[in-house]
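Open your viewer and get ready to click. This tour tells you what to select and what to look for at each stop.

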Amino acid sequence: MRRVPPSLAIIGVALATLSLTGIPARSAQELTFSVAISMKEATEELGRRFMQSRAGVVLRYNFGSSGELQKQIEAGAPVDLFLSAAPRQMDELEKKGLIVPATRRVFARNVLTIVKPATSTIDIAKPTDLLEPRVTKIVIGNPRTVPVGQYAEESLRALGLWDKLQRKLVFAENVRQALDYVARGEVDAGFVYSTDSAIRRRDVKEALRLPEDTYRPVTYPVAVVKDTRHAALASAFIDLLLSPEGQQVLARLGFLPPPPGAR
Amino acid sequence: MTDETLSALALSVRVAVLATLANAFVGIPLAYVLARRRFRGRALLDLLVTLPLVLPPTVTGYYLIVLLGRRGWLGAPVYAATGWSIAFTWYAAVVAATVMALPLLVRTARAAIESVDRDLEKAAWTLGRSEWRTALEVTLPLARNGILAGLVLAFARALGEFGATLMLAGNIPGRTTTVPLAIYTAVQTGEETMALALVAILTVLSCLVLVVAGRLGARAA
């Protein structure tokens, strides 16, 4: 048998050692929140406060489009709390008995906006400007899974532009990917939430807000997932979202208060 | 079968065929040069061609965006001159599949070319053939089965490419959604029957390709 060169042996031992370290020990009270990615910063900040006041509690986040997160929960993902960017995904989980209906609350509202790259010289002042030939590519969330895409489709249909814009549409897997396409200048315009456009203020600029009567109000429902083993803690986070402290954080990040009576 | 399934299938086949053709034009000369020539930068060229084999496809996709995107090194001048960008078009899927499949062809073809008896090449030179004609009339025909096996593997890789394609071409139903991307979307949206049908088709195709490549490889050996 040929001898293994020492350098290779060292690398092998190092890799074997590394593979055994860094695996986090599962804390006794570790919760997983599936969060619509437009709520990323808000959830992270409130999560920090939540953990600070509760020793031994660890929150893990699973960010994605609400549709993707919904399918994961349906497939049995071990999730304790679901924060959705639209009622539709929550409705479907409720119908399938996968959330605790009594815990469901709407905690924030958002509005749609059209953004363009900060360097763009194309004038998009009214929705029909999207038809201009200089606008060659427009990104929206994939309407099949991404709420911001579903709202965008609704609005474009109401404005009579949906069919005319088909050839220009590019689909993103979640709202932050749509935002990123615009920020990188790969597309001429994109539909995101007003709170997202603020996240990349240096790379994108808001071109125009869509008339709010052309799409259903963007409301964020939250609910405890049925299979959770930490129902009390998950409910406590919902309380934090609805509390004056939670609402203040949401307002600072640009979210609007939940409409009265919304569920 | 729905329109979307059919268009994904048609697009996948078209992308794989074109990527394999591109591979033949670029990969066979590359394999020959790497096998038979010694020159400065040969190791670097070898590394560049092989990298997509070991890098995560998303990393390759990222490099392709940096190179070909609207603000990319090559993409920006093209966009400035024509207002057109390859990103989010089906051509981008061909480019991604070509780059991802290239190492499979080059490595297989190179091994086949290296195993060709050099004495036969020398005999051809002695008989007055140029290196160019020797390559075309002696070396490549003798390495034929290995090269064909490499092309078949490249075709299979192109057919199944996902990560780099998603990065550069996006996932636009009817335009850039290839079968692997359609499977991803179908699973995400809970369309189990569609996912299953596409998975079955891709599995059968890949098995066929492996059988063909195996037979060619056996004949080459």
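The tour starts with one whole chain, then moves to a helix and ends at a single residue. Keep in mind that this is a predicted model.

**Stop 1: chain A.** Select chain A and show it as a cartoon. It has 10 helices and 10 strands. Now turn it around. Its C-alpha atoms fill a box of roughly 70 × 55 × 35 Å along the principal axes. How much of chain A is buried? Of its 263 residues, 41% are. Next, think about contacts between residues at least 6 apart in sequence: in chain A, 77% of these join residues at least 24 apart.

**Stop 2: helix H5 of chain B.** Select residues 90-114 of chain B; this is helix H5. Put a distance label between its end C-alpha atoms: they are 36 Å apart. Why does that agree with expectation? The helix has 25 residues, and at 1.5 Å a residue it should span 36 Å.

Now click Ala101(B). Here H5(B) bends by about 35°. Look for Pro103(B) too, a proline that follows within four residues.

Then show everything around the helix. Is H5(B) largely enclosed or open? Because 20 of its 25 residues are buried, H5(B) is largely enclosed by the rest of the structure.

**Stop 3: Leu45(B).** Select residues 42-54 of chain B to find helix H2, then pick out Leu45(B) within it. Is Leu45(B) buried, exposed or partly exposed? It has 15 C-beta neighbours inside 10 Å, so it counts as partly exposed; a buried residue would need 20 or more.

Finally, add Leu34(B). Leu34(B) and Leu45(B) are 11 residues apart along the chain, and their C-alpha atoms are separated by 8.3 Å.

Note on methods: Residues numbered from 1 in each chain as written. Chains lettered and ligands numbered in written order. Predicted model: local features only at pLDDT ≥ 70, side-chain atom pairs only at ≥ 80, totals over all residues. Helix = DSSP H or I, 4+ residues; strand = E, 2+ residues; numbered from the N terminus. Buried ≥ 20, exposed ≤ 12 C-beta atoms within 10 Å, placed from the backbone. Contact = placed C-beta atoms within 7 Å. Expected span 1.5 Å × (residues − 1). Bend = angle between axes of the 7 residues up to and from the residue.
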